[in-house]
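User: I would like to learn how to read the ligand and metal sites of a model. Could we go through them step by step?

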Amino acid sequence: MADTPAFCSYANIGFGGKSLPDLCEIQHAILESSVPAVIATDVEGTVVYFNPSTQRLLGYSWEEVVGRQAASIFHLEEEIVARAEALTLELGRPVPPGFEVFIARLGPAPHELQEWTYVCKDGTRIPVCLWVTALHDSERRLIGYVGVACDQRGRQHVNEDLRIAALAFESQAAIMVTDAQQRILRVNPAFTQLTGYAAEEAVGLKPSILKSGRQDAAFYRQMWESLDSTGSWQGEIWNRRKCGGIYPEWLTISAVRNEAGKLTHYVSTFSDITDLKVAESEIQNLAFYDPLTALPNRRLLLSRLGQARLTAKRSLQYGALLIIDLDHFKNLNDTLGHDVGDLLLVEVARRLRDCIREGDTAARQGGDEFIVMLENLGTEGAVAGIQAEVVAEKIRVSLNRPYVVAGDAQHFHSASIGISLFCALDKTTEVLLKQADIALYKAKDAGRNAIRFFDDAMQTALDARAAMESRLHRALARGEFQLYVQPQFNAVRQLIAAEALIRWQPPGEKMVAPADFIPLAEETGLIVAIGNWVLDQACAQLQRWGDDPRTAGLHMAVNVSARQFRQPDFVEQVCLALARYNVNPGCLKIELTESLLMDNVEAVVAKMQALRRVGVRFSLDDFGTGYASLSYLKRFPFNQLKIDRSFIRDITTDSDDAAIVRAIIAMGNALRLQVVAEGVETAEQHAYLLDHGCTCFQGYLFGRPVPFAEFERNLGELPPAAGAGDWVI
Ligand code: C2E
Ligand code: CA
Ligand code: CA
């Protein structure tokens, strides 16, 4: 074993035999630290030097290698033999297997690059790129060889990657490679197939040729931000084919950077996901909709309920959950079979959909149970309860209609409905559903075909309302209504008219004020029958008044509500009442409120004119509380306007109210309308009104509403022209 590394002798040879220790050291350092494996041999191929890199690569120590034949240690026997045969053929002279194989071609050329396989000490084979150089002394005599080998394993990976990339390029997914400026460099056949652009057309253009316009600037900004920061982006995007068709694709873009970190390319792969989207929506349908009725299923309802409650929290509006269960559905299923049962459920779903507004949800919970969710029922619990009940009742009635599902036979089915109200996030979703369920059981307990609320207070209120409604229905037939009259006086304290005001006296109970039952009568439509009764009674009284010299010529004011006035036969009903008692139509005055005048102006005017032609007069009631619009007074043929009580009340203390009242009086006088002040309670109010030109008065100061008999007693013995008897103050 050599004592000194053979390297120095080689180096000396390499540099003309001169001893240049400095240079030698430098070269030594280079060789010792260089990455490639460096092996030096003499002319016979005996290893005289190899660097640490070779030691690391092949696993041999210095002692194991130096002084031995390079070919037999590092190389595969069969590779040497095979190459010797190939070289013999190529060079036309025999090349013996062994070290000669490495140098056989080293003729005049000083270098030779060859691909070889190295065998490590542990038997591992490493592909290397071997660079062989002949070494000569100063007399140009060959003295040895240096082999510099580079491990090719990494390179092989690169090659493999390239092969894979090439294969991948032929894949089903469209691929587009652009440069850093986004100019298209390459596209694959799948790209052409998908987009319609041939490679020759696309190359050189920008990917924006594919833009569909469906994504906005913000979308692209976010995409580029992601590409810049993470190097990639993927997502769904709509693109346009060359033929113009738009399709959804799944796109992945990767930014490619070189070793220095500089962006060089973008690689985009994408595929058409139209089919996928169809599948997705099918899955959604299956996951969120009931396949039989196509209504949302319980899962979707719960999700919408969650959203609705969040919205409710912000808007403070109430919503309601209605659980609807078909009564005795099982019987139908058992007797007529499931097919008929299914048809019935489909029909129920259709009716439910018809009963709700657009923003509401009707869902099938499963079996014969349905859930309806109502939203935006207002900010007051009581109002929301009424609204929910109105919808529930509509559903109940609709589901009660006969079903024709099998042949011509009609089936009758009823439903029980449980309701729970929600507002904000006061209850959890489960609690809400449970409450509606409890309410449903209450409805079933009540004999089915019924509606029940979970909330007891709500139920009590609605029960009371329902009870009042049925009592109100009977009240007319049972003669529980009475007409009171309140007198009206002119500026010189003469009794000129009386307003008829209804009272309800249920037997054995407190008298009910009109404010407590007129709105309910309006809602239920009972107001029409009640209003006709009032008209009848008023006309009957006018007839009696006509027979009494003290009251002959008195006018009677009758309140008519909007719903009553809108009846198609309203004019006829009024005329009939007048004729029935042979009353002078000029004595009847109909009081209307502004709310009636808001819509269907022409129809309202026509009806008023029809009655005006007969001689009936009109008064605009509660003036000032609505729009107090001058245009109402001009457009509609009124004879009188009544200043609302709320302005009169504070007339002597509130300057605004006083100003409004003065303006109303001025307006009325200018339009030649009689102006009546209602609710006059004090002498000060009376004096102020008189001072400012008001000519008619009604109020407790002059007399409260009283029954006809009392009214007549109050008349006293004096004729109206001389004053109003007891009423005069
Ligand atoms: P309205 O037409 O404004 O009737 C005047 C109301 O003011 C009456 O209340 C009357 O009793 C009350 N009032 C009169 N003078 C005074 C006063 O000096 N001070 C106070 N505090 N109140 C006074 P009522 O009788 O309770 O009637 C309430 C409302 O019910 C009526 O308001 C009217 O809108 C409606 N109404 C009454 N009778 C009928 C009817 O037969 N048909 C219809 N559709 N509505 C009616
Ligand atoms: Ca009135
Ligand atoms: Ca009034």
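Analyst: Let us begin with the metals, where a donor means an N, O or S atom within 3.2 Å of a calcium ion, and where water is not among the atoms, so sites may look incomplete. Please keep in mind that this is a predicted model.

User: With that cut-off, which protein donors does the calcium ion (ligand 2) have?

Analyst: The calcium ion (ligand 2) is held by Glu 499 (OE), Asn 559 (OD1), Glu 591 (OE) and Asp 621 (OD), at distances of 2.1 to 2.3 Å. Along the chain these donors follow the spacing E-x59-N-x31-E-x29-D. Glu 591 belongs to strand 21 (residues 588-593) and Asp 621 to strand 22, so this pair ties together parts that are 30 residues apart in sequence.

User: Which protein donors belong to the calcium ion (ligand 3), and which residue bridges it and the calcium ion (ligand 2)?

Analyst: For the calcium ion (ligand 3) the donors are Asp 621 (OD), Asp 622 (OD) and Glu 678, the latter listed with two OE entries, and they lie 2.2 to 2.6 Å from the ion. Their spacing along the chain reads D-D-x55-E. Asp 621, in strand 22, and Glu 678, in the loop between strand 24 (674-677) and helix 27 (683-691), are 57 residues apart and link distant parts of the chain. The bridging residue is Asp 621, and the two calcium ions lie 3.9 Å apart.

User: Turning to ligand 1, which polar contacts should I look at, given a cut-off of 3.5 Å between N or O atoms?

Analyst: The side chain of Asp 621 places an N or O atom 3.0 Å from an oxygen atom of ligand 1, while the side chain of Glu 681 has one 2.5 Å from a nitrogen atom of the ligand. Tyr 700 takes part through a backbone N or O atom, 2.8 Å from an oxygen atom of ligand 1. Taken alone, ligand 1 exposes 790 Å², of which the protein buries 83%.

User: Where does ligand 1 sit, and what makes up the shell around it?

Analyst: Ligand 1 sits in the largest pocket. It is surrounded by 20 residues, the closest being Gln 486, Arg 503, Arg 645, Glu 681 and Tyr 700. By character the shell divides into eight nonpolar, five polar and seven charged residues. Strand 19 (495-504), helix 19 (514-524) and strand 22 (617-623) are the elements that each give two or more residues to this shell, and strand 19 supplies the largest share, four residues.

Notes. Residues are numbered from 1 along each chain as its sequence is written. Chains are lettered from A and ligands numbered from 1 in the order in which they are written. This is a predicted model: local features need pLDDT of at least 70, side-chain atom pairs count only at pLDDT 80 or more; totals for chains, interfaces and linings use all residues. Side-chain values use heavy atoms; hydrogens and water are left out. A residue is near a molecule or strand if one of its heavy atoms lies within 4 Å of it. A polar contact is a pair of N or O atoms within 3.5 Å; within protein, one must be able to donate a hydrogen and the other to accept it, and residues adjacent in sequence count only if both atoms are side-chain atoms. Accessible areas come from the Shrake-Rupley method with a 1.4 Å probe; for residues, only the protein chains shown count as cover. On a 1 Å grid over the protein atoms alone, a cavity is a set of points where a 1.4 Å probe fits but cannot get out, and a pocket is an open set with protein on both sides within 12 Å along at least five of seven lines; lining residues have an atom within 4 Å of a point. A molecule sits in a cavity or pocket if more than half of its atoms lie within 2 Å of its grid points. Ala, Val, Leu, Ile, Met, Phe, Trp, Tyr, Cys and Pro count as nonpolar, Asp, Glu, Lys and Arg as charged, and the others, Gly among them, as polar. Donors are N, O and S atoms within 2.8 Å of the metal (3.2 Å for Na, K and Ca); water is not among the atoms, so sites may look incomplete.
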